[in-house]
Amino acid sequence: MSRLGDLGGRLYRGEVSVDFVGRQRMWYTISGIILVVSIVALLVRGLNYSVEFKGGSIFQFPATSSTSQGDISRVVTEAGGGDATVQQISGRVAGFTPQWQVQTESLSGDASQNVATALEKSFGVPESKMSIQVVGPTWGSQITTKALEALIIFLIVIVIYLSIAFEWKMAIAAFIALLHDIVITVGVYALTGFQVSPTSVIGLLTILGYSLYDTVVVFDKVRENTAGLLTNHRSTYSQAANLALNQTLVRSINTSLTALLPVASILFVGAGLLGAGTLKDLSLVLFVGMLSGTYSSLCIATPVLADLKEREPQYKELAKRVKLRESGGRAAKRTAAAAASALTTAVGTTDPAQDTTAGPAQPAREPQAEAPPQAQQADQAEQAEQAEQEDDDDMAVSATQGAPPPRRVPSTTRQQPRRGSSAQRRPGAKKKRR
(Lines give C-alpha, C1' and ligand atoms only; values in the text may rest on other atoms or scores of the structure.)
Protein backbone atom coordinates (compact mmCIF):
# COMPACT_ATOMS: atom_id res chain seq x y z
CA MET A 1 0.00 0.00 0.00
CA SER A 2 1.27 3.48 -0.85
CA ARG A 3 2.13 5.96 1.85
CA LEU A 4 -0.78 8.21 0.85
CA GLY A 5 -3.18 5.27 0.97
CA ASP A 6 -1.87 4.23 4.37
CA LEU A 7 -2.27 7.81 5.59
CA GLY A 8 -5.86 7.83 4.40
CA GLY A 9 -6.60 4.65 6.35
CA ARG A 10 -5.00 6.03 9.50
CA LEU A 11 -6.96 9.26 9.16
CA TYR A 12 -10.19 7.33 8.69
CA ARG A 13 -9.56 5.18 11.77
CA GLY A 14 -8.60 8.22 13.86
CA GLU A 15 -5.03 7.06 14.49
CA VAL A 16 -3.73 10.41 13.21
CA SER A 17 -5.73 13.61 13.02
CA VAL A 18 -5.49 17.19 11.83
CA ASP A 19 -7.34 19.52 14.18
CA PHE A 20 -9.30 21.62 11.68
CA VAL A 21 -12.19 22.47 14.00
CA GLY A 22 -9.96 23.18 17.01
CA ARG A 23 -7.97 25.75 14.99
CA GLN A 24 -11.01 27.61 13.79
CA ARG A 25 -9.77 30.96 15.08
CA MET A 26 -6.69 30.68 12.91
CA TRP A 27 -8.79 29.84 9.84
CA TYR A 28 -11.18 32.70 10.60
CA THR A 29 -8.26 35.11 10.91
CA ILE A 30 -6.73 34.03 7.59
CA SER A 31 -10.06 34.22 5.79
CA GLY A 32 -10.84 37.57 7.39
CA ILE A 33 -7.59 39.09 6.13
CA ILE A 34 -8.18 37.77 2.59
CA LEU A 35 -11.78 39.01 2.60
CA VAL A 36 -10.77 42.48 3.78
CA VAL A 37 -8.14 42.75 1.04
CA SER A 38 -10.64 41.56 -1.56
CA ILE A 39 -13.34 44.01 -0.47
CA VAL A 40 -10.89 46.94 -0.37
CA ALA A 41 -9.62 46.06 -3.86
CA LEU A 42 -13.19 45.81 -5.12
CA LEU A 43 -14.14 49.20 -3.67
CA VAL A 44 -10.96 51.00 -4.71
CA ARG A 45 -10.08 49.49 -8.07
CA GLY A 46 -13.38 47.97 -9.11
CA LEU A 47 -13.87 45.34 -11.78
CA ASN A 48 -12.72 45.56 -15.34
CA TYR A 49 -15.87 44.61 -17.22
CA SER A 50 -15.58 43.39 -20.76
CA VAL A 51 -17.34 45.02 -23.65
CA GLU A 52 -20.20 42.53 -23.37
CA PHE A 53 -21.22 44.17 -20.07
CA LYS A 54 -20.56 47.87 -20.65
CA GLY A 55 -20.95 48.04 -24.40
CA GLY A 56 -18.45 49.39 -26.90
CA SER A 57 -16.65 48.70 -30.16
CA ILE A 58 -14.20 45.86 -30.84
CA PHE A 59 -11.55 46.01 -33.59
CA GLN A 60 -9.65 42.87 -34.40
CA PHE A 61 -6.88 42.50 -37.02
CA PRO A 62 -3.78 40.37 -37.67
CA ALA A 63 -0.63 41.37 -35.84
CA THR A 64 2.68 42.09 -37.45
CA SER A 65 6.17 42.31 -36.03
CA SER A 66 6.14 46.13 -36.28
CA THR A 67 3.04 46.64 -34.13
CA SER A 68 2.96 47.19 -30.38
CA GLN A 69 0.32 47.98 -27.79
CA GLY A 70 1.53 51.54 -27.29
CA ASP A 71 1.43 52.33 -31.00
CA ILE A 72 -2.08 50.90 -31.37
CA SER A 73 -3.42 52.87 -28.41
CA ARG A 74 -1.90 56.10 -29.78
CA VAL A 75 -3.44 55.60 -33.23
CA VAL A 76 -6.89 54.83 -31.80
CA THR A 77 -6.82 57.91 -29.55
CA GLU A 78 -5.76 60.21 -32.38
CA ALA A 79 -8.57 58.81 -34.58
CA GLY A 80 -11.20 59.75 -31.97
CA GLY A 81 -11.68 56.36 -30.33
CA GLY A 82 -10.74 57.58 -26.84
CA ASP A 83 -9.04 55.30 -24.31
CA ALA A 84 -8.62 51.82 -25.70
CA THR A 85 -7.83 48.42 -24.20
CA VAL A 86 -5.36 46.57 -26.40
CA GLN A 87 -4.49 42.90 -25.91
CA GLN A 88 -3.14 40.04 -27.93
CA ILE A 89 -5.62 37.18 -28.11
CA SER A 90 -3.47 34.50 -29.72
CA GLY A 91 0.17 33.52 -29.57
CA ARG A 92 2.68 32.40 -32.10
CA VAL A 93 1.69 28.77 -32.33
CA ALA A 94 1.59 26.67 -35.46
CA GLY A 95 -1.85 26.94 -37.00
CA PHE A 96 -2.77 30.16 -35.14
CA THR A 97 -2.32 33.68 -36.44
CA PRO A 98 -1.47 36.37 -33.88
CA GLN A 99 -4.39 38.78 -33.46
CA TRP A 100 -4.70 42.22 -31.87
CA GLN A 101 -7.97 43.12 -30.21
CA VAL A 102 -8.81 46.75 -29.49
CA GLN A 103 -11.76 47.63 -27.26
CA THR A 104 -13.10 51.16 -27.08
CA GLU A 105 -16.17 52.84 -25.71
CA SER A 106 -19.36 52.70 -27.70
CA LEU A 107 -18.74 54.60 -30.95
CA SER A 108 -21.05 55.77 -33.70
CA GLY A 109 -20.85 54.31 -37.17
CA ASP A 110 -18.71 57.14 -38.57
CA ALA A 111 -16.34 57.13 -35.57
CA SER A 112 -15.89 53.37 -35.84
CA GLN A 113 -15.07 53.68 -39.53
CA ASN A 114 -12.50 56.42 -38.85
CA VAL A 115 -10.71 54.26 -36.25
CA ALA A 116 -10.66 51.25 -38.56
CA THR A 117 -9.25 53.30 -41.43
CA ALA A 118 -6.52 54.75 -39.20
CA LEU A 119 -5.46 51.28 -38.06
CA GLU A 120 -5.39 49.95 -41.61
CA LYS A 121 -3.17 52.78 -42.86
CA SER A 122 -0.84 52.86 -39.86
CA PHE A 123 -0.09 49.13 -39.71
CA GLY A 124 -0.75 48.05 -43.30
CA VAL A 125 -3.78 45.92 -42.51
CA PRO A 126 -5.92 44.93 -45.49
CA GLU A 127 -9.54 46.03 -45.28
CA SER A 128 -10.71 42.42 -45.56
CA LYS A 129 -8.68 41.47 -42.48
CA MET A 130 -10.22 44.16 -40.25
CA SER A 131 -13.10 42.92 -38.08
CA ILE A 132 -15.44 45.43 -36.42
CA GLN A 133 -18.00 44.51 -33.77
CA VAL A 134 -20.25 46.97 -31.96
CA VAL A 135 -22.01 45.99 -28.71
CA GLY A 136 -24.72 48.26 -27.39
CA PRO A 137 -24.90 49.16 -23.67
CA THR A 138 -28.48 47.86 -23.47
CA TRP A 139 -27.43 44.31 -24.30
CA GLY A 140 -24.56 44.53 -21.78
CA SER A 141 -26.90 45.63 -18.98
CA GLN A 142 -29.22 42.73 -19.78
CA ILE A 143 -26.30 40.29 -19.49
CA THR A 144 -25.35 41.76 -16.10
CA THR A 145 -28.91 41.49 -14.79
CA LYS A 146 -29.28 37.90 -15.95
CA ALA A 147 -25.99 36.94 -14.32
CA LEU A 148 -27.02 38.39 -10.95
CA GLU A 149 -30.42 36.74 -11.15
CA ALA A 150 -28.83 33.36 -11.89
CA LEU A 151 -26.47 33.75 -8.93
CA ILE A 152 -29.26 34.68 -6.50
CA ILE A 153 -31.52 31.85 -7.67
CA PHE A 154 -28.64 29.41 -7.34
CA LEU A 155 -27.95 30.43 -3.73
CA ILE A 156 -31.63 30.27 -2.74
CA VAL A 157 -32.12 26.82 -4.24
CA ILE A 158 -28.99 25.54 -2.52
CA VAL A 159 -30.10 26.79 0.89
CA ILE A 160 -33.53 25.19 0.48
CA TYR A 161 -32.05 21.89 -0.65
CA LEU A 162 -29.56 21.67 2.21
CA SER A 163 -32.26 22.59 4.74
CA ILE A 164 -34.40 19.71 3.52
CA ALA A 165 -31.63 17.15 2.98
CA PHE A 166 -29.68 17.95 6.16
CA GLU A 167 -30.70 20.78 8.50
CA TRP A 168 -30.89 24.55 8.41
CA LYS A 169 -27.64 25.05 10.32
CA MET A 170 -25.77 23.05 7.73
CA ALA A 171 -27.43 25.18 5.05
CA ILE A 172 -26.24 28.36 6.80
CA ALA A 173 -22.68 27.03 7.08
CA ALA A 174 -22.63 26.07 3.39
CA PHE A 175 -24.09 29.47 2.41
CA ILE A 176 -21.34 31.27 4.36
CA ALA A 177 -18.71 29.14 2.62
CA LEU A 178 -20.20 29.99 -0.80
CA LEU A 179 -20.20 33.72 -0.07
CA HIS A 180 -16.60 33.33 1.11
CA ASP A 181 -15.64 31.80 -2.25
CA ILE A 182 -17.50 34.45 -4.27
CA VAL A 183 -15.90 37.40 -2.49
CA ILE A 184 -12.38 35.95 -2.76
CA THR A 185 -12.76 35.13 -6.47
CA VAL A 186 -14.14 38.58 -7.28
CA GLY A 187 -11.39 40.16 -5.19
CA VAL A 188 -8.71 38.35 -7.20
CA TYR A 189 -10.22 39.78 -10.39
CA ALA A 190 -10.20 43.25 -8.87
CA LEU A 191 -6.55 42.90 -7.78
CA THR A 192 -5.25 41.48 -11.05
CA GLY A 193 -7.36 43.66 -13.35
CA PHE A 194 -8.53 40.76 -15.53
CA GLN A 195 -11.67 41.43 -17.49
CA VAL A 196 -14.97 40.08 -16.25
CA SER A 197 -16.76 38.54 -19.19
CA PRO A 198 -19.84 36.30 -19.54
CA THR A 199 -17.40 33.40 -19.60
CA SER A 200 -16.18 34.45 -16.14
CA VAL A 201 -19.74 34.36 -14.83
CA ILE A 202 -20.20 30.84 -16.18
CA GLY A 203 -16.96 29.78 -14.51
CA LEU A 204 -18.07 31.37 -11.23
CA LEU A 205 -21.29 29.36 -11.18
CA THR A 206 -19.26 26.25 -11.98
CA ILE A 207 -16.86 26.65 -9.08
CA LEU A 208 -19.75 27.35 -6.69
CA GLY A 209 -21.22 24.00 -7.64
CA TYR A 210 -17.83 22.35 -7.17
CA SER A 211 -17.33 23.92 -3.74
CA LEU A 212 -20.84 22.94 -2.70
CA TYR A 213 -20.26 19.34 -3.79
CA ASP A 214 -17.20 19.03 -1.57
CA THR A 215 -19.05 20.62 1.36
CA VAL A 216 -22.04 18.28 1.01
CA VAL A 217 -19.74 15.22 1.07
CA VAL A 218 -18.15 16.41 4.32
CA PHE A 219 -21.54 17.25 5.87
CA ASP A 220 -22.88 13.82 5.02
CA LYS A 221 -19.98 12.25 6.94
CA VAL A 222 -20.54 14.68 9.82
CA ARG A 223 -24.18 13.62 10.02
CA GLU A 224 -23.12 9.97 10.09
CA ASN A 225 -20.57 10.52 12.87
CA THR A 226 -22.92 12.59 15.03
CA ALA A 227 -25.85 10.13 14.90
CA GLY A 228 -26.54 8.96 18.47
CA LEU A 229 -23.89 11.28 19.87
CA LEU A 230 -26.10 12.45 22.74
CA THR A 231 -26.62 8.91 24.02
CA ASN A 232 -23.13 7.41 24.02
CA HIS A 233 -21.28 10.50 25.37
CA ARG A 234 -18.07 9.43 23.65
CA SER A 235 -17.12 12.76 22.06
CA THR A 236 -18.33 16.30 21.55
CA TYR A 237 -19.91 17.54 18.33
CA SER A 238 -16.73 19.37 17.38
CA GLN A 239 -14.65 16.22 17.85
CA ALA A 240 -17.04 14.15 15.74
CA ALA A 241 -17.09 16.82 13.01
CA ASN A 242 -13.29 17.01 13.00
CA LEU A 243 -13.13 13.22 12.63
CA ALA A 244 -15.42 13.49 9.61
CA LEU A 245 -13.11 16.07 8.06
CA ASN A 246 -10.09 13.81 8.53
CA GLN A 247 -11.95 10.82 7.11
CA THR A 248 -12.74 12.76 3.91
CA LEU A 249 -9.46 14.70 3.76
CA VAL A 250 -7.65 12.42 1.33
CA ARG A 251 -10.69 12.26 -0.93
CA SER A 252 -10.91 16.07 -0.97
CA ILE A 253 -7.21 16.44 -1.77
CA ASN A 254 -7.34 13.87 -4.57
CA THR A 255 -10.46 15.42 -6.09
CA SER A 256 -9.02 18.92 -5.93
CA LEU A 257 -5.69 17.95 -7.49
CA THR A 258 -7.42 16.00 -10.24
CA ALA A 259 -9.56 19.02 -11.09
CA LEU A 260 -6.83 21.65 -10.72
CA LEU A 261 -4.19 20.01 -12.91
CA PRO A 262 -6.07 20.37 -16.23
CA VAL A 263 -7.31 23.84 -15.28
CA ALA A 264 -3.77 24.93 -14.42
CA SER A 265 -2.50 23.57 -17.72
CA ILE A 266 -5.12 25.61 -19.58
CA LEU A 267 -4.37 28.73 -17.56
CA PHE A 268 -0.56 28.74 -17.58
CA VAL A 269 0.22 26.82 -20.75
CA GLY A 270 -2.76 27.49 -22.99
CA ALA A 271 -3.20 31.14 -22.06
CA GLY A 272 0.55 31.73 -22.29
CA LEU A 273 0.66 30.32 -25.81
CA LEU A 274 -2.73 31.43 -27.09
CA GLY A 275 -2.94 34.74 -25.27
CA ALA A 276 -6.12 36.33 -23.91
CA GLY A 277 -9.42 34.82 -24.83
CA THR A 278 -12.30 32.68 -23.67
CA LEU A 279 -10.03 29.89 -22.39
CA LYS A 280 -8.08 32.33 -20.23
CA ASP A 281 -11.22 33.89 -18.75
CA LEU A 282 -12.69 30.49 -17.94
CA SER A 283 -9.51 28.88 -16.58
CA LEU A 284 -8.66 31.79 -14.28
CA VAL A 285 -11.99 31.80 -12.49
CA LEU A 286 -11.97 28.01 -12.24
CA PHE A 287 -8.46 27.90 -10.81
CA VAL A 288 -9.09 30.56 -8.17
CA GLY A 289 -12.54 29.25 -7.32
CA MET A 290 -11.46 25.62 -6.91
CA LEU A 291 -8.64 26.55 -4.56
CA SER A 292 -10.97 28.73 -2.52
CA GLY A 293 -13.70 26.09 -2.55
CA THR A 294 -11.42 23.34 -1.27
CA TYR A 295 -10.15 25.61 1.49
CA SER A 296 -13.63 26.75 2.51
CA SER A 297 -15.10 23.23 2.64
CA LEU A 298 -12.36 22.13 5.05
CA CYS A 299 -11.59 25.23 7.10
CA ILE A 300 -14.75 27.34 6.97
CA ALA A 301 -17.94 25.33 6.43
CA THR A 302 -17.39 22.60 9.04
CA PRO A 303 -15.93 24.87 11.77
CA VAL A 304 -18.87 27.25 11.32
CA LEU A 305 -21.28 24.31 11.61
CA ALA A 306 -19.53 23.11 14.79
CA ASP A 307 -19.80 26.61 16.28
CA LEU A 308 -23.52 26.73 15.56
CA LYS A 309 -24.18 23.27 17.00
CA GLU A 310 -22.08 23.78 20.13
CA ARG A 311 -24.38 26.65 21.09
CA GLU A 312 -27.32 24.27 21.57
CA PRO A 313 -28.04 23.35 25.23
CA GLN A 314 -27.83 19.59 24.72
CA TYR A 315 -24.43 19.84 23.07
CA LYS A 316 -23.21 22.20 25.78
CA GLU A 317 -24.15 19.58 28.36
CA LEU A 318 -22.50 16.89 26.25
CA ALA A 319 -19.29 18.90 26.10
CA LYS A 320 -19.26 19.19 29.91
CA ARG A 321 -19.74 15.45 30.37
CA VAL A 322 -17.05 14.56 27.87
CA LYS A 323 -14.66 17.02 29.48
CA LEU A 324 -15.35 15.57 32.94
CA ARG A 325 -14.85 12.07 31.61
CA GLU A 326 -11.60 12.97 29.91
CA SER A 327 -10.30 14.75 33.04
CA GLY A 328 -10.99 11.63 35.11
CA GLY A 329 -9.22 9.46 32.59
CA ARG A 330 -6.23 11.78 32.55
CA ALA A 331 -6.08 11.81 36.34
CA ALA A 332 -6.13 8.00 36.44
CA LYS A 333 -3.35 7.87 33.87
CA ARG A 334 -1.26 10.35 35.86
CA THR A 335 -1.77 8.31 39.05
CA ALA A 336 -0.82 5.08 37.32
CA ALA A 337 2.23 6.72 35.78
CA ALA A 338 3.32 8.09 39.17
CA ALA A 339 2.88 4.67 40.81
CA ALA A 340 4.86 2.98 38.06
CA SER A 341 7.60 5.56 38.37
CA ALA A 342 7.79 5.12 42.14
CA LEU A 343 7.93 1.34 41.78
CA THR A 344 10.67 1.61 39.20
CA THR A 345 12.65 3.92 41.50
CA ALA A 346 12.22 1.58 44.45
CA VAL A 347 13.35 -1.43 42.44
CA GLY A 348 16.37 0.48 41.19
CA THR A 349 17.49 1.59 44.68
CA THR A 350 16.86 -1.72 46.55
CA ASP A 351 19.61 -4.31 46.97
CA PRO A 352 18.85 -7.15 44.60
CA ALA A 353 19.69 -9.65 47.39
CA GLN A 354 16.83 -8.28 49.53
CA ASP A 355 13.10 -8.71 49.06
CA THR A 356 11.56 -5.74 47.18
CA THR A 357 8.44 -5.92 49.38
CA ALA A 358 10.37 -5.60 52.64
CA GLY A 359 9.91 -2.66 54.94
CA PRO A 360 12.56 -0.20 56.14
CA ALA A 361 16.11 -1.41 56.22
CA GLN A 362 16.97 -3.32 59.42
CA PRO A 363 20.40 -3.57 61.08
CA ALA A 364 22.49 -6.34 59.68
CA ARG A 365 22.36 -9.56 61.66
CA GLU A 366 24.80 -12.34 61.81
CA PRO A 367 23.72 -15.27 59.73
CA GLN A 368 22.41 -18.22 61.69
CA ALA A 369 22.31 -21.78 60.58
CA GLU A 370 18.78 -22.90 59.92
CA ALA A 371 17.78 -26.18 61.62
CA PRO A 372 16.50 -29.04 59.51
CA PRO A 373 12.69 -29.33 59.29
CA GLN A 374 12.59 -32.67 61.20
CA ALA A 375 14.53 -31.25 64.18
CA GLN A 376 12.17 -28.24 64.36
CA GLN A 377 9.12 -30.53 64.46
CA ALA A 378 10.72 -32.63 67.26
CA ASP A 379 11.42 -29.60 69.43
CA GLN A 380 7.86 -28.33 69.02
CA ALA A 381 6.42 -31.72 69.98
CA GLU A 382 8.69 -31.93 73.05
CA GLN A 383 7.66 -28.48 74.26
CA ALA A 384 3.97 -29.34 73.95
CA GLU A 385 4.42 -32.63 75.85
CA GLN A 386 6.33 -30.95 78.70
CA ALA A 387 3.60 -28.35 79.12
CA GLU A 388 0.97 -31.08 79.33
CA GLN A 389 2.97 -32.99 81.97
CA GLU A 390 3.37 -29.87 84.13
CA ASP A 391 -0.38 -29.31 84.08
CA ASP A 392 -0.96 -32.90 85.19
CA ASP A 393 1.51 -32.53 88.09
CA ASP A 394 -0.23 -29.40 89.35
CA MET A 395 -3.57 -31.16 89.35
CA ALA A 396 -2.17 -34.11 91.34
CA VAL A 397 -0.65 -31.88 94.06
CA SER A 398 -3.89 -29.99 94.51
CA ALA A 399 -5.86 -33.24 94.94
CA THR A 400 -3.62 -34.52 97.76
CA GLN A 401 -4.00 -31.25 99.73
CA GLY A 402 -7.82 -31.22 99.46
CA ALA A 403 -7.95 -28.07 97.38
CA PRO A 404 -10.00 -27.93 94.29
CA PRO A 405 -8.01 -28.44 91.21
CA PRO A 406 -7.14 -25.24 89.39
CA ARG A 407 -9.20 -24.39 86.38
CA ARG A 408 -7.35 -24.90 83.22
CA VAL A 409 -7.26 -21.96 80.89
CA PRO A 410 -7.17 -22.97 77.30
CA SER A 411 -4.03 -21.85 75.61
CA THR A 412 -4.33 -19.46 72.72
CA THR A 413 -1.26 -20.91 71.13
CA ARG A 414 -2.05 -23.65 68.68
CA GLN A 415 0.08 -26.67 69.48
CA GLN A 416 1.57 -28.93 66.94
CA PRO A 417 0.08 -32.43 66.69
CA ARG A 418 1.80 -35.00 68.80
CA ARG A 419 4.05 -37.39 67.07
CA GLY A 420 3.52 -41.08 67.79
CA SER A 421 7.03 -42.09 66.91
CA SER A 422 9.25 -42.65 69.96
CA ALA A 423 12.32 -41.78 67.94
CA GLN A 424 11.29 -38.10 67.98
CA ARG A 425 11.08 -37.96 71.81
CA ARG A 426 13.98 -37.37 74.11
CA PRO A 427 14.54 -40.00 76.84
CA GLY A 428 13.61 -38.96 80.37
CA ALA A 429 11.35 -36.16 79.33
CA LYS A 430 8.17 -37.85 80.67
CA LYS A 431 7.54 -37.96 84.44
CA LYS A 432 5.61 -40.52 86.39
CA ARG A 433 2.23 -39.63 87.83
CA ARG A 434 1.77 -39.92 91.52
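## Helix 2 and its two sides

Within helix 2, the buried residues are Gln 24, Trp 27, Ser 31, Ser 38 and Ala 41. Viewed along the axis of helix 2, these buried residues fall within an arc of 130°, so they line one face of the helix. The other side of helix 2 carries the exposed residues Arg 25, Ile 33, Val 36, Leu 43 and Val 44. This description, like everything that follows, rests on a predicted model.

Helix 2 spans residues 24-44, a run of 21 residues. From its first C-alpha to its last, helix 2 reaches 30 Å, which is close to the 30 Å expected at 1.5 Å a residue.

## Gly 46, after helix 2

Gly 46 follows just after helix 2 and adopts a positive phi of about 75°. The residue belongs to the loop between helix 2 and strand 1 (48-49). Gly 46 counts as partly exposed because its relative accessibility is 22%, whereas buried status requires a value under 20%.

When residues up to four places away in sequence are not counted, Gly 46 touches Ala 41 and Ala 190. Of these two, Ala 41 is among the buried residues of helix 2. A further relation across the sequence links Gly 46 with Val 186: the two are 140 residues apart in sequence, and their C-alpha atoms are 9.6 Å apart in space.

## Glu 310 in helix 12

Glu 310 is located in helix 12, which covers residues 278-310. Glu 310 is buried but has no salt bridge. The nearest side chain of opposite charge belongs to Lys 316, at a distance of 8.9 Å; a salt bridge would require a side-chain nitrogen of Lys or Arg within 4 Å of a carboxyl oxygen.

The side chain of Glu 310 does make a polar contact, at 2.8 Å, with the side chain of Ser 238. With neighbours within four places in sequence left aside, the residues in contact with Glu 310 are Thr 236, Tyr 237, Ser 238, Tyr 315, Lys 316 and Ala 319. Lys 316 is thus described in two ways: as a residue in contact with Glu 310, and as the nearest side chain of opposite charge, 8.9 Å away.

## The protein as a whole

The protein contains 14 helices and six strands. It has 434 residues, of which 35% count as buried. Among contacts in the protein with a separation of 6 or more, 78% are between residues 24 or more positions apart.

Technical notes: Residues are numbered from 1 along each chain as its sequence is written. This is a predicted model: local features need pLDDT of at least 70, side-chain atom pairs count only at pLDDT 80 or more; totals for chains, interfaces and linings use all residues. Side-chain values use heavy atoms; hydrogens and water are left out. Helices (H or I, at least four residues) and strands (E, at least two) are DSSP runs, numbered from the N terminus. Buried means under 20% relative accessible area, exposed over 50%, partly exposed in between (1.4 Å probe, protein chains only). Lys and Arg count as positive and Asp and Glu as negative; His and the chain ends are not counted. A polar contact is a pair of N or O atoms within 3.5 Å; within protein, one must be able to donate a hydrogen and the other to accept it, and residues adjacent in sequence count only if both atoms are side-chain atoms. Contact means heavy atoms within 4.5 Å. The expected span of a helix is 1.5 Å times one less than its number of residues. The arc is that of the directions from the helix axis to the C-beta atoms.
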